[in-house]
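The report below follows one helix and the nonpolar cores of the model shown here.

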Amino acid sequence: MLRFLLLTSLAALVLAEPQPRYLEDAIGEERVVGGEVARPNSWPWQISLQYKSGSYYYHTCGGTLIRRGWVMTAAHCVDSSRTWRVVLGDHDINNNEGKEQYMSVSRVYIHPNWNSNSVAGGYDIALLRLSSDAVLNNYVQLANLPPSGQVLPHNHPCYISGWGRTQTGGSLSAQLKQAYLPVVDHNTCTSNGWWGSTVKNTMVCAGGASESGCQGDSGGPLNCSVNGKWVVHGVTSFVSSLGCNTYKKPTVFTRASAYISWMNGIMG
C-alpha cells in the first residue's frame, strides 16, 4: 500500500530531492522510530484505523478523535474502498484490554483537492464519521485543535504518537509509542538540503534527526504543548523514501490549522 510521489525522470533530476513516502501500512503492528512506549492512554484522542480483510481487522493508520462522532486522519489512508473501523482507547493493538471502543465508519470525507498521485500537492486530510458517538472517559478524550491559521515557531515542543515501525523496514510492536519531534519552521524545512519545494505552507515539519514517524503512523496526531495543554497541530503525512528518520528530512504533517474551516463545514 506504500505509495511514492511519481516524478518524471527530468523533474527528478531538476529537483534532486528524495521522494516523499506515505506512512500507512497494510502489515499490522508498527510504531514510531525512536522515542519510547507511551504510558497507556496518555494520548486518549489517538485512534487506530483498521481495515477488514477476510474476517479480521488490521491496523493501517492512526487518527485523532476531534468530536465524539468524528475522527481526523490522512486522506491517503482512506482513499481506497474498504470496510473501516476505528478503535478508541487502545494501547496494545494485539490485545483487548477492556478499555477499547470499537466503532464502524459510516462515511469518509476526503478533502476535495486531494490528489493521490501528488503527495507534495498537499490536502492530505480526511474526516471519518463514526457510526455512533464515543463515550468519553479516562481512556477516550477529545483532542484540542488549534485556532485557524496558527503556525508554531521553530523548535516548538511536540510529540508524534502511533503504532508505526520502530525503524525503516524494521521490527514491529503492538504498543503505542511516542517520540519527541520539535517543529522545524517552514523557512528551514523548505531550504536547500532539506525538503525544498516539496513542502507547502499548509504542512508542518517536525524532527529531522534520529526520531521520526514511519509506516503505520500515517493519519495520527502531532501533539504539541501550547499554553499548558496538548493541541493536535498535525496529521502525519509522509517521510523521505530514503528512510523514515533521514537527516534533514523531517516527518511532514498536514497542518491542522490550515483546514479548520473545511472541517467545521463538514461537521457542522
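## After helix 3

Helix 3 is followed by Gly-268, which has a positive phi, near 80°; helices (H or I, at least four residues) and strands (E, at least two) are DSSP runs numbered from the N terminus. This is a predicted model, in which local features need pLDDT of at least 70 and side-chain atom pairs count only at pLDDT 80 or more, while totals for chains, interfaces and linings use all residues. Residues are numbered from 1 along each chain as its sequence is written, and side-chain values use heavy atoms, with hydrogens and water left out.

## The two faces of helix 3

Within helix 3 (residues 260–267), the buried residues are Ile-260, Trp-262, Met-263 and Met-267, where buried means under 20% relative accessible area and exposed over 50%, with partly exposed in between (1.4 Å probe, protein chains only). Because they cover an arc of only 160° around the axis, they lie on the same side of helix 3, the arc being that of the directions from the helix axis to the C-beta atoms. The face turned away from this buried side carries the exposed residues Ser-261 and Gly-265.

## Nonpolar cores

The largest nonpolar core (buried Ala, Val, Leu, Ile, Met, Phe, Trp, Tyr and Cys residues joined through side-chain atoms within 4.5 Å) has 41 residues, and Met-263 and Leu-49 are among those with the most contacts inside it. Helix 3 and strand 14 are among the elements that each supply at least two residues of this core. A second, separate core of 13 residues includes Val-183, Val-204, Ala-206 and Val-231.
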